[in-house]
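The following exercises concern a single structure and are to be worked with its sequence and coordinates at hand. Each task is followed by a stepwise solution.

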Amino acid sequence: QVQLVESGGGLVQAGGSLRLSCATSGLTFSVYALAWFRQAPGMEREFVAAISRSGGNTGYADSVKGRFAISRDNAKKTVSLQLNSLKPEDTAVYYCAADLNYGRHAYTVASSDYDYWGQGTQVTVSS
């Protein structure tokens, strides 16, 4: 059974930092591209960041570029998201997702392409 479990969310002041982690089990981690998405109240789920199977290729939404950093540890089967310089508009539930991807350096930003999802972790940024 595939499981993705996020942790690290919380309440932080604007300008602060958080580090989200996603522990996975039940899948061959190295053949999956990984991503983080977020969903704010009343909004659609949106792409935040992705990383290829190799870890050598990453992509970010324009709204978080330069502030967030995605990384993966294939030995520990985890994917992380470092959130810096947080803004109130970053407040959302953050989800990790896994996409079975045969392209070693590829990733997708479309949520519909992702095969497995975690339950989410809440990030709240106060002004």
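How many bridges join S4 to S9, and do the two strands run parallel or antiparallel? Eight bridges join S4 to S9, and the two run antiparallel. The structure is a predicted model, in which local features need pLDDT of at least 70 and side-chain atom pairs count only at pLDDT 80 or more, whereas totals for chains, interfaces and linings use all residues. Residues are numbered from 1 along each chain as its sequence is written, and side-chain values use heavy atoms, with hydrogens and water left out.

**Exercise 1. Describe the surroundings of strand S4.**

Step 1. Strands are DSSP runs of E with at least two residues, and helices are runs of H or I with at least four, numbered from the N terminus. Two strands pair if DSSP finds at least two bridges between them.

Step 2. Within the pairing of S4 and S9, Arg38 has Tyr94 of S9 as its bridge partner.

Step 3. S4 also pairs with S5, in the antiparallel sense and over five bridges. Here Trp36 has Ala49 of S5 as its bridge partner.

Step 4. Six residues separate the strands in the hairpin of S4 and S5, where Gly42 takes a positive phi near 75°.

Step 5. For burial, the classes are buried (under 20% relative accessible area), exposed (over 50%) and partly exposed (in between), with a 1.4 Å probe and protein chains only. Seven of the eight residues of S4 are buried, which leaves the strand mostly covered.

**Exercise 2. Establish the strand order of the sheet that contains S3, and analyse the faces of S3.**

Step 1. The open sheet has four strands in the order S1-S3-S8-S7, with antiparallel pairing. S1 and S7 are the edge strands, each pairing on one side only. On average, neighbouring strands of this sheet are turned by 15° against each other, direction ignored; axes are lines fitted to C-alpha atoms, for helices over the stretch in contact, and angles run from 0 to 180 degrees between N-to-C directions.

Step 2. Strand S1 (residues 3-7) is joined to S3 by five bridges. In S3, Thr24 stands opposite Leu4, and Ala23 stands opposite Val5.

Step 3. S3 and S8 are paired over six bridges, with Leu20 opposite Leu81 in S8.

Step 4. Side chains alternate along S3: Leu18, Leu20, Cys22 and Thr24 point to one face and are buried, while Arg19, Ser21, Ala23 and Ser25 point to the other and are not.

Step 5. Leu18 serves as an example, with a relative accessible area of 15%. Contact means heavy atoms within 4.5 Å. Leaving out residues up to four places away in sequence, Leu18 touches Gly8, Gly10, Val12, Leu81, Gln82, Leu83, Leu86 and Val123.

**Exercise 3. Locate the disulfide and characterise it.**

Step 1. A disulfide is taken as a pair of cysteine sulfur atoms within 2.5 Å. A search of the whole structure finds one.

Step 2. This disulfide joins Cys22 to Cys96, with an S to S distance of 2.0 Å. Because Cys22 lies in strand S3 and Cys96 in strand S9, the pair ties together parts that are 74 residues apart in sequence.

Step 3. The torsion about the S-S bond of Cys22 and Cys96 is about 45°, so the disulfide is right-handed. Both Cys22 and Cys96 are buried.

**Exercise 4. Identify the residues with the most partners in the largest nonpolar core, and examine Val79.**

Step 1. A nonpolar core is a set of buried Ala, Val, Leu, Ile, Met, Phe, Trp, Tyr and Cys residues joined through side-chain atoms within 4.5 Å.

Step 2. The largest such core has 33 residues, of which Trp36, Val48, Phe68, Val79, Leu81, Leu83 and Tyr94 touch the most other members. Among the elements that give two or more residues to this core are strands S4 (32-39), S5 (46-51) and S9 (92-100).

Step 3. The contacts of Val79, not counting residues up to four places away in sequence, include Leu20, Cys22, Leu34, Trp36, Ile70 and Cys96.

**Exercise 5. Place Gly59 and list its contacts.**

Step 1. Gly59 belongs to strand S6 (residues 58-60). Its relative accessibility is 6%, so Gly59 counts as buried.

Step 2. Apart from neighbours within four places in sequence, Gly59 is in contact with Phe47, Val48, Ala49, Ala50 and Tyr107.

Step 3. Gly59 and Val79 are 20 residues apart in sequence, and their C-alpha atoms are 14 Å apart in space.
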